[in-house]
Amino acid sequence: MNHLIPLFIAVPLGAAFFIPLVSRHVKWVPDVFGNLTMFSLAAMSFYTIGQSEVYHLGAWQTPIGIDLRLDGLSSLLLIAINVIGLAATLYSVAYMRIFTSKLRYYSLFLIMVTGMNGVVLTADLFNLYIFMEMAAIASYALVGFGCEHEELEASFKYLVLGSLATLFVLIGVALLYGMTGSLNMAQVATSMQSAAQAAQGTMAKPYIFALGLFICGFALKSALVPFHAWLPDAYQSAPAPISAMLSGVLTKTIGVYVLARLLFNVFGISQQLLLILQILGALSMVVGVLLAIGQWDMKRLFAYHSISQIGYVVLALGLGTPLGIIGGLYHLVNHSVFKSLLFLNAGAVEYSTGTRDLKRLGGLNQALPITGKTSLVASMSIAGIPPFNGFWSKLIIIIACVQAGYYWLAAWAVFVSLVTLASFLKVQKYAFLDAAKMALAKIQHTPFFMGLSMVVLAILCVVTSLAVLSGFDAPVLIAPAADVLIKGLITL
Amino acid sequence: MTGMSLIVKTVCRWLKGFILLFGVYIVLYGHLTPGGGFSGGVIIACAFILIFLAEGKLVETKIFSKNVAGELDSVGILIFWAAALTGLFCGGVYFKNFITTAAESHFKLFSSGIIPICNIGIGLKVGASLFVVFVILAAVKIVVPKKSDNINDHEEDEK
Amino acid sequence: MTLEYIVAALIILMIMGAVTALETDNLLSSIIALGAVGFLLAIAFLFLGAPDIAFTQIVVEILLLIILIRVTIHRDLKTTTAHRAMFGWTFAIVLIAFLTWFGLTVFEEFPAFGTAVMDRVADSASVTYIKEGLAKSGAGNLVTAVLLDFRAFDTLGEATVLFCAILGALAILRQKAHKHSKEKDQEADAA
Amino acid sequence: MIYSLCLILIGIGLYGILTKRNIVKIIIGFVIMEAGVHLLLILIGYRMQGEAPILQPGMKLSEFITRAVDPLPQALTLTSIVIGLGVLALMIAIAIRLYERYKTFDITEMRRLKG
């Protein structure tokens, strides 16, 4: 057995429990421990490439105990989570100096990472619920970490809607257990399929109800459009590295990933489900981007763009074709890189100038060269300018739309992409290019660690664009991940 | 906060030992009778909360301060975590129950492998952490703070 | 058969308690009504052969009531019974009506009450737990055996969630969140 | 019938969460909804004339096997109760802090965030 798999959960948990115990007496522990843990996790995640295995916890056989399942899709998500997490912790070393209680910050951060790793690895429905709740609770507390009016209000809103989503999921899990007598994803999938065959292809109503609850719950978690109310507030109020984590990986892991896993691998995809995904995706794309245009707060603007970009991912997955799935997963990875970079940039701007209001900023290119250049890279990526990763994934999605015969969806995607470009031209113009509105002397320099993590992510923006050169034939990362979804139902 | 009347204090003085003992019994015999680490831990926390409510804040914080409770919280969960990890090293699989049980020792206190150890860890953790929750949520009176210097008792670290 | 009626009566009482808890003006009364719901739930658990859960439910309910009463007792007890904005209100009613209507039809196709998983699925995990739980884990209480041996991973997650929630509550309630106010920072820079 | 009553309990909790203005009432709504979900889980695990899944010394295993209720949903419920308690603790913490800031429990009066 591959003992690396449970370590993805055990290592960050141990660090999270250890940090509050020690760091009352030793002040440097949280920074060093947090970064070391995330670094080792990021290194470990690269060892999972190309492996696929089922790990039986406690050496119990499949229906008795809990299984962890590592396959291409989990491997892709693990790398995204832990690399972005490493960038966020590096950034926090400097950024979190403005807050007190660093030990609780790092402890909660590591528990959030644990929750996401667990969601990605588990093959058990109830275990999935627990890890989802773990990641979510840590993120509620982290959103409210600043304890000001806005933070608390956003945190409460997020907490209420998020807990509602998890309760929906729990009801769904209970119904599935009552019908199939198992919690293992593969067993549930098998017995659902045999039940459907016995009933000439129609699904029994409890399955449909559970499916509806799952879609509602995970759409709430991934903030697709009718369910997006919590997202802008939460992203705007959270500390910058947390906004980066939330937008970069959390909504994708406990929202989009789980939705894709359940729909493709457990329930089995059908035309109606694909249509639901397409509608949710198309709506999110356009509503998010239109709401983003009028915003003047940098983080809030980026938050609305997150809704729009997740719409791209869901739309691409909803096409159901192999090319669409590849495009969707590629865009998911790209988006987590450039969107977390954008949020880190916004945090750096706020750290240095004390404001995020675009009307009050200007001319930051001279004062903050690193932030200016990296944000240019990120803006070009998200707007889809050729050499960067965002262009390639959007291109693949549009080609997939055309290939599948949905011409108007392709046109829709191009339109949204143009509006995104306009919106990011606005950000660049007002924040970085215009004449300076504030005295240069008042602007603080970017600390080393913040600059470092932004440069790393900017380099990743370029590196991920090289994946397109392989033509997605090479059995690394994206092709095996897409295979998992294309193959459909999982078996024992 | 000076606490409640003499009658309440006397009754609590008598009761607290029994409640605590009951909680410990529930934790230790979790694998044989109803209950377990969690419910036993809550009972232990309730015993301390009872003292807290009856005697007032001053007495309580001397016996069992919030910092100590916070550390016990971490220690309890680390016991559970370590039991899981020991399974990886001794039994070869994460969460392996590496202490085997002979059939004749069933229904005894020291049976069923790592389950009592985990129960103790969870009991410790839950007892300590729920006490902390009570202290921070309920005992802190925030009666519209004017200068917010009357509520600094829920911040203990980071000067 | 009689048990079904007893449990149904308990649930109806719980529904009445729940409505009272939500619709009373006085917060203290509504919290007490909530306590009634919790204790009735514990009684229902006892009837349904779940003493472990009943036990935990009672203990948790006591703790929750103490905390809720202490939290609300000195604060605005009179509350507005008015609802939120019209849109949210109608949306909520439509959603709940749809969920309940669909949910009621769902249970027509659901296995009847009292036919457990073990009787329907021969190779389900529960069959193994009941047959070999004692031999495999050594614990007489099979719920504990499932919690701490067969599915101990869940329990580690659960303990972590509690740990995390308490850490979060401590973080939310800390007195001073920012090291310096922003104005001070800027003054220091200017100086 | 019994499942439907359980579902109505969940519906009442949902109604409280979605329509009430007072934060404490929202919290109460959560407790009620969780109670409904836990009851649903336990109901799913019940079997007729069932008894608790706890073996005592001197019990006949063959008889126990035919009568014990399903232990798995009970374990799930226990886990879920603890998680619910954690969420509630966090929720009450935020509620206290919000009260401290706004001097009210009414969420319609908390309007710093727009849009």
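A: Before we start, one term: a salt bridge is a side-chain nitrogen of Lys or Arg within 4 Å of a carboxyl oxygen of Asp or Glu. Keep in mind too that the model shown above is predicted.

Q: Which residues form a salt bridge between chain C and chain D, and how far apart are the closest N and O atoms?

A: C:Glu23 pairs with D:Lys20, and the closest N and O atoms of the two are 3.2 Å apart, which is within the 4 Å that the term allows. The count between chain C and chain D is two salt bridges, while 13 residue pairs, both at pLDDT 80 or more, are in polar contact.

Q: Which element gives the largest share of the side of chain C that touches chain D?

A: Helix 1 of chain C does, with 13 residues.

Q: How should I read the size of the contact between the two chains?

A: The size of an interface is often given as the accessible area lost when the parts come together. Here chain C and chain D bury about 7,700 Å² between them, and 77% of that area lies on carbon and sulfur atoms; the contact takes 86 residues from chain C and 76 residues from chain D.

Q: How many helices and strands does chain C have, and what share of its residues is buried?

A: Chain C has nine helices and zero strands, and of its 191 residues 59% count as buried.

Q: What does helix 4 of chain A look like, and how many of its residues are buried?

A: Helix 4 of chain A covers residues 102-121 and reaches 29 Å from its first C-alpha to its last, close to the 28 Å expected at 1.5 Å a residue. The helix is mostly covered, with 20 of its 20 residues buried.

Key. Residues numbered from 1 in each chain as written. Chains lettered and ligands numbered in written order. Predicted model: local features only at pLDDT ≥ 70, side-chain atom pairs only at ≥ 80, totals over all residues. Heavy atoms only, no water. Helix = DSSP H or I, 4+ residues; strand = E, 2+ residues; numbered from the N terminus. Expected span 1.5 Å × (residues − 1). Buried < 20%, exposed > 50% of the residue type's maximum accessible area, 1.4 Å probe, protein only. Contact = heavy atoms within 4.5 Å. Buried area = accessible area lost by both parts, 1.4 Å probe. Polar contact = N/O pair within 3.5 Å; in protein donor to acceptor, adjacent residues only side chain to side chain.
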